[in-house]
Each structure stands twice: as structure tokens, then as C-alpha cells.
Amino acid sequence: MRVTIRVPATTANLGPGFDAFGCALQLYTDVTFEETESGLEITGCDEAFTGPDNLAYVSYCAVLASLSEEVKGVKIHIDAHIPICRGLGSSAALLVAGAIGANVLRGNRLSTQGLLNITNAMEGHPDNLAPAFFGGLTASMVDNGLPVAVNFPLHPDWEILALVPDFNLPTPKARAVLPEQVNRADAIYNVSHGALVLKALELGDEKLLRNAMQDRLHQPYRKHMIPDYEAIESYAKTVGAAFCLSGAGPTLLCITRDKTLKEKLEKKLPAITQNAWEIMPLHVAFEGAKVV
Ligand code: HSE
């Protein structure tokens, strides 16, 4: 039996919602699973990712283990359109695909919440996983070790532009620069700004979003690892867009209601940046991962 799972890209954090907020975007990775008698064969990706540590396979095995099912052989084919190590949820997409793939092949006995629990234990934070499973804009918490995710409404008029650079930044490296402890003023800053980001996204209030989409827990520590960050942030603010790092970066996100922003960025970026940045307009994916 064979099954293909389509998983959306996700942008996590949305500024102050570190490890909590996420949004699914219409850019997809498809992963096909076919059970065989024995062995592991992974195709469609770089040779370096064809071993048993491939996240789709790790997650596939974790779900089978939780179902007390034997892992036989499997062929996995990855058709990835989500760029790797760019802050758009490529790793979460593989985990989600592996989890759903294994569950579907063994009779769909686990709920989506059950699959989120298993994959969250592997990823360590649910902010990409929740929107990848459920679609749309989500906020998540981990309570007693278990993730709880809810959807939030989004105004329909937002333009989301992902600025994807020609260099990558592995998430472990981008997490290693973060301090273990934060001070109270910074914690309050993020809690308050985070609540208002969600309201601004719901209302379509660009000025409120611009003000609220600021962070003191991760972006100040990461921006030095991303050449051109400050130049792009400063330009985004000049033209009135809300700006943040997408996940752990290095992709940068501009959120606006100005339909001409892409054109403006195309003209301006070559003059203010050292690297090549692809500007990708991405619509929200209101539907999460599914069998195709
Ligand atoms: N919340 C995570 C981070 C997203 O910022 O490190 C990337 O996995």
C-alpha cells in the first residue's frame, strides 16, 4: 500500500510569539510512503538525507512504535517545494508527513492531536507542527508535556511576503545563540506584544501589527547571523509593513496590506543588500496536511 501526504510550509513565531505562534502557507512538500518487505529507500532528496535519520522516517517509526506495530521496509519519496533550513518549516513538514503516513497505512487509529503529541516530543516545540497539521494561524502551548493548539482568525486582506535568501541557517545553530534566561521586562514585552499581534492579524490593522510585531526573546540575538537583516527591516518599516524573522530564520517576513510592496522590494533590495533574496508572495493555507 502506498500513500502521499501533502504538508504546507509554516512560518513560526510571528515576532513575539516565540515557540508559540505559527501560520501555514501555500507552499508544499509531498511525501510518498510505500511499505515493502524490508529495507529503507529514500529518494527525491540530497544523498545526505537518505539514511535512517531522515525526519520523515524517524517520525514514521515513532508512530508505528506508539501503535505497537512492527516497522517493516518502506520506500519514501520526497517532493519538496519548501526550501530547506530557511525558516519555513521544512523539518516540521517531514515530521508531519511521516506521522500521518504511518497512521494512514495502519488504519488511521491515532487522532491528529495524538500525532501532534508524538511529533512535538521529537521537535521540542509545536509552533510549526500545529499549523502544519491544522492549517491557518495557530497559537500553541505545552502543558504537562502535551501540546495544546488553537486556531485564530485572520483578516483576508493581508499580503505575506517571504524574503528567502540564498544562504541557510540550521535551527540548532539559531537556537544555540539564545540566552537560557530572560529578564522580566523582556518577558512582559513579549507577552503583551504577542497578544496584540493576534488581534491585529484578526482585525487587519496594519499599524497595530507593525507596532506589536516586535520581539525581545530571539530576534535581537539572531539578527547578527543574517546579513542584510537590518537594512531590510529598516526599509520594511519605512514603507509601513510589519516585519519579523520567519521561524529561526534566515527567511524574513513582511506582512502588509499594500499590494505594491513586492514591486517596491524588487526595486529596492538590490540596492540595499549584499545577498540574493527571493521575494515569495505566500497565501495562508487554511487547510493543514492531507492525503493527496
Ligand atoms: N520557534 C522556533 C525557533 C522555530 O524560533 O527556534 C524554528 O524551529
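How far is a nitrogen atom of the ligand from an N or O atom in the side chain of Asp-127? The separation is 2.5 Å. This report covers the ligand site, the pockets, the cavity and two backbone features of a predicted model.

## Ligand contacts

Two aspartates and one asparagine supply the side-chain contacts described here. A ligand nitrogen lies 2.5 Å from a side-chain N or O atom of Asp-127. For Asp-19, the distance from a side-chain N or O atom to a nitrogen of the ligand is likewise given as 2.5 Å. Asn-13 pairs with an oxygen instead: an N or O atom of its side chain is 2.8 Å from an oxygen atom of the ligand. The ligand taken alone would expose 260 Å², and the protein buries 94% of that area.

## The shell around the ligand

Which residues surround the ligand? From the N-terminal part of the chain come Ala-12, Asn-13, Phe-18 and Asp-19. His-125, Asp-127 and Asn-128 also belong to the shell, as do Thr-171 and Arg-175. Arg-222, Gly-247 and Ala-248 complete the list. Sorted by class, the shell holds 3 nonpolar, 5 polar and 4 charged residues.

## The largest pocket

The ligand takes up space that belongs to the largest pocket. The volume of this pocket is about 810 Å³. Its lining comprises 37 residues, and those nearest the pocket centre are Leu-55, Cys-85, Ser-90, Ser-91 and Ala-92. The lining divides into 17 nonpolar, 12 polar and 8 charged residues.

Which elements each supply at least two residues of this lining? They are β4 (73–80), α2 (90–105) and α5 (171–176). The greatest contribution is that of α2, which gives 4 residues.

## The second largest pocket

The second largest pocket contains about 170 Å³ of space. It is lined by 13 residues, with Pro-156, Trp-158, Glu-159, His-283 and Val-284 nearest its centre. By class, the lining has 8 nonpolar, 2 polar and 3 charged residues.

## The cavity

How many cavities of 30 Å³ or more are found in a search of the whole structure? The search returns 1. The space in the largest cavity is about 80 Å³. Its lining includes the leucines Leu-14, Leu-25, Leu-137, Leu-154, Leu-201 and Leu-253. Ile-160, Ile-255 and Val-284 also line the cavity, together with Thr-11, Cys-23 and Trp-158. β2 (21–36) and β9 (252–256) are the elements that give two or more residues to this lining.

By class, the cavity lining consists of 11 nonpolar residues and 1 polar residue, with no charged residues. Trp-158 and Val-284 line the cavity, and both are also listed among the residues nearest the centre of the second largest pocket.

## Backbone features

Asn-13 has a positive phi of about 80 degrees, although it is not a glycine. This residue lies in the loop between β1 (2–12) and β2. Asn-13 is also one of the residues around the ligand, and its side chain supplies the 2.8 Å pair with a ligand oxygen.

Where is Pro-250 found? It is in the loop between β8 (242–245) and β9. The peptide bond that leads from Gly-249 to Pro-250 is cis, with omega near 5 degrees. Gly-247 and Ala-248 are among the residues around the ligand.

How values were computed: Residues numbered from 1 in each chain as written. Predicted model: local features only at pLDDT ≥ 70, side-chain atom pairs only at ≥ 80, totals over all residues. Heavy atoms only, no water. Near = heavy atom within 4 Å. Polar contact = N/O pair within 3.5 Å; in protein donor to acceptor, adjacent residues only side chain to side chain. Areas by Shrake-Rupley, 256 points an atom, 1.4 Å probe, with all protein chains shown as cover. 1 Å grid on protein atoms, 1.4 Å probe; cavity = no way out; pocket = protein on both sides within 12 Å on 5 of 7 lines; lining within 4 Å. Sits in = over half its atoms within 2 Å of the grid points. Nonpolar A, V, L, I, M, F, W, Y, C, P; charged D, E, K, R; others polar. Points joined across faces, edges and corners; volume = space filled by probe spheres on them.
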